[in-house]
Amino acid sequence: CSGLKKITPFNNVESIGMIAFFNCSSLEEITFGDKLTSIEDNAFNNCKTLKSITIKSITPPNIMGSLGKTKATIYVPADAVEAYKSAEGWNKMNIAPIAE
């Protein structure tokens with residue numbers, strides 16, 4: 001996936017597997033719908049250009065491990081920002097509301 005820059009929308013995805021986007025070196029942004037419930041270890045490892053991950057789920061998905069050293073901003077529904085900021089695995093990430 002070295003040429004992949006943007007994935008939107010992934011509306012029906014419920015789970016992201018381990019190292020699913022590993023080494024997607026050009027990936028800049030990705031959007032998931034409100035069905036996402038879990039993200040496995042290092043799903044975004046070595047995605048050095050990843051700037052934004054949008055997750056439309058009100059409930060923070062369970063993170064099994066880490067997202068893989070991503071510095072991407074995580075955009076979530078405005079009324080879910082505090083839930084993400086306090087959820088395990090999400091509390092060290094840069095969480096921001098989705099721009100309406």
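1. Pocket lining. In this predicted model, the residues that line the largest pocket divide into four nonpolar, four polar and three charged. The volume of this pocket is about 150 Å³. Its lining is made up of Phe44, Asn45, Asn46, Cys47, Lys48 and Leu50, together with Gly68, Lys69, Thr70, Lys71 and Ala72. The three charged members are Lys48, Lys69 and Lys71. Phe44, Cys47, Leu50 and Ala72 make up the nonpolar group, and the polar group consists of Asn45, Asn46, Gly68 and Thr70.

2. Nonpolar patch. Met18, Ile19 and Phe22 form a nonpolar patch on the surface, with an area of about 300 Å². Phe22 sits in the loop that runs between strand 2 (15-16) and strand 3 (29-32). Its relative accessible area is 39%, so Phe22 is classed as partly exposed. Ile19 belongs to the loop between strand 2 and strand 3 as well, and Ile19 is also partly exposed, because its relative accessibility is 43%. Both values satisfy the requirement of over 30% relative accessible area for patch members.

3. Backbone in the loop between strand 2 and strand 3. Ile19 has a phi near 45°, a positive value in a residue that is not glycine. Asn23 is placed in this loop too, and phi there is near 70°, again positive in a residue other than glycine. With a relative accessible area of 37%, Asn23 is partly exposed. A reviewer checking the backbone of this loop can look up Ile19 and Asn23.

4. Leu27. Is Leu27 buried or exposed? Leu27 is buried, because its relative accessible area is 0%, and the cut-off for that class is under 20%. Leu27 is located in the loop between strand 2 and strand 3, the loop that also holds the partly exposed Phe22. In sequence, Leu27 and Ser52 are separated by 25 residues, while their C-alpha atoms are 9.5 Å apart in space.

5. Salt bridge. How many salt bridges does the model contain? The count comes to one. The partners are the side chains of Glu29 and Lys6, with an N to O distance of 3.9 Å. This pair connects distant parts of the chain, since Glu29 is in strand 3 and Lys6 is in strand 1, 23 residues apart. The distance of 3.9 Å falls inside the limit of within 4 Å, so the pair is counted. Glu29 is partly exposed, at a relative accessible area of 30%. In general, side chains of opposite charge can pair when their charged atoms come close.

6. Cis peptide. Which residues does the cis peptide bond join? The bond joins Thr8 and Pro9, and omega is about -20°. Pro9 is part of strand 1, which covers residues 6-10.

7. Ala99. Ala99 falls in the segment after strand 8 (95-97). Its relative accessibility is 73%, so Ala99 counts as exposed, the cut-off for that class being over 50%. Ala99 and Pro9 are 90 residues apart in sequence, and the distance between their C-alpha atoms is 16 Å. Pro9 is the residue that follows the cis bond from Thr8.

Technical notes
Residues numbered from 1 in each chain as written. Predicted model: local features only at pLDDT ≥ 70, side-chain atom pairs only at ≥ 80, totals over all residues. Heavy atoms only, no water. Patch = residues over 30% accessible without salt bridge, like charges linked within 9 Å, V, L, I, M, F, W, Y side chains within 5 Å. Areas by Shrake-Rupley, 256 points an atom, 1.4 Å probe, with all protein chains shown as cover. Helix = DSSP H or I, 4+ residues; strand = E, 2+ residues; numbered from the N terminus. Buried < 20%, exposed > 50% of the residue type's maximum accessible area, 1.4 Å probe, protein only. 1 Å grid on protein atoms, 1.4 Å probe; cavity = no way out; pocket = protein on both sides within 12 Å on 5 of 7 lines; lining within 4 Å. Points joined across faces, edges and corners; volume = space filled by probe spheres on them.
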